[in-house]
Protein chains: 2
Amino acid sequence: MAENRKEDENVVFIGSKPFMNYVRAVEVQFGRDGCKEVIVKARGKFISRAVDVEQVVKHGPIRNSVSTKNIKTDSEEFENKEGRKVNVSTVEITLEKK
Amino acid sequence: MAENRKEDENVVFIGSKPFMNYVRAVEVQFGRDGCKEVIVKARGKFISRAVDVEQVVKHGPIRNSVSTKNIKTDSEEFENKEGRKVNVSTVEITLEKK
């Protein structure tokens, strides 16, 4: 359980909050002791935003110390409000300390 | 020049046409003789759509014969209508024949 919590701290899930909140969240994570990786996750229309966050981090103050380790896409099935099963695309962008 | 043309034929650039047009375009490319790779490209808000296209292709009729080889993100600078330089995120999803 402690292990799970530690893992979650390295994840920034992209939603509809102000854009720079997410950029700062990634930068703050990398500023923490022992943080080697931060995973930016998003679903559906927020995938474009996740790439924007990745790009802004990689051109911002910590640009010389982070690189993209891996980008993974997938689909998730969930039930919408009408009870119909729909698929949504997902992305996981793993940034690592150089 | 012939080389360039051949390369372009393997690229599907995602925009605002009906969604299934792009899915079919990828499937048609893979159906061509000697086609080993198709690159799905998108910029800005169309990045989410590019991932949707990739996922639908990978769950459709040719699901058993294609896999994702590489996903690359980047930024491009361009001048907007007001003459201001702005950055846009880009994605290139390379699908390959298994």
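Aromatic pairing first: the count over all chains comes to 0 aromatic pairs, where rings of Phe, Tyr and Trp (its six-membered ring) pair if their centres lie within 6.5 Å, with planes under 30 degrees apart called stacked, over 60 edge-to-face and the rest tilted. This is a predicted model, with local features needing pLDDT of at least 70, side-chain atom pairs counting only at pLDDT 80 or more, and totals for chains, interfaces and linings using all residues. Side-chain values use heavy atoms, leaving out hydrogens and water, while residues are numbered from 1 along each chain as its sequence is written.

Rings do turn up in another role. Arg43(A) sits over the face of Phe78(A), 5.4 Å from the ring centre, and in chain B Arg43(B) lies over the face of Phe78(B) at 5.5 Å. For such a charge over a ring, NZ of Lys or CZ of Arg has to be within 6 Å of the ring centre and within 35 degrees of the ring normal.

As for the fold, chain A has 3 helices and 4 strands, taken as DSSP runs (helices H or I, at least four residues; strands E, at least two) and numbered from the N terminus. Along the sequence they come in the order α-β-α-β-α-β-β. The C-alpha trace of chain A spans about 45 × 30 × 25 Å along its principal axes.

How do the two chains relate? Chain A lands on chain B after a rotation of 180° with 0.0 Å of shift along the axis, at an RMSD of 0.0 Å, by least squares on the C-alpha atoms of residues with pLDDT of at least 70 in both copies. The two copies are therefore related as by a two-fold rotation axis. Both copies use the same surface, with 100% of the contact residues of chain A recurring in chain B. Within chain A, the residue closest to the rotation axis is Ser48(A), its C-alpha at 2.6 Å.

At the interface, 16 residues of chain A meet 16 of chain B, contact being heavy atoms within 4.5 Å. The chains bury about 1200 Å² between them, 52% of it on carbon and sulfur atoms; this is the accessible area (1.4 Å probe) lost on putting the two parts together, summed over both. On the side of chain A, Ser48(A), Ile71(A) and Thr73(A) lose the most area, together 39% of what that side buries. The elements giving two or more residues to this side are helix 3 (46-59), strand 3 (66-79) and strand 4 (85-97) of chain A. Helix 3 of chain A gives the most, with 8 residues.

Methods: Chains are lettered from A and ligands numbered from 1 in the order in which they are written.
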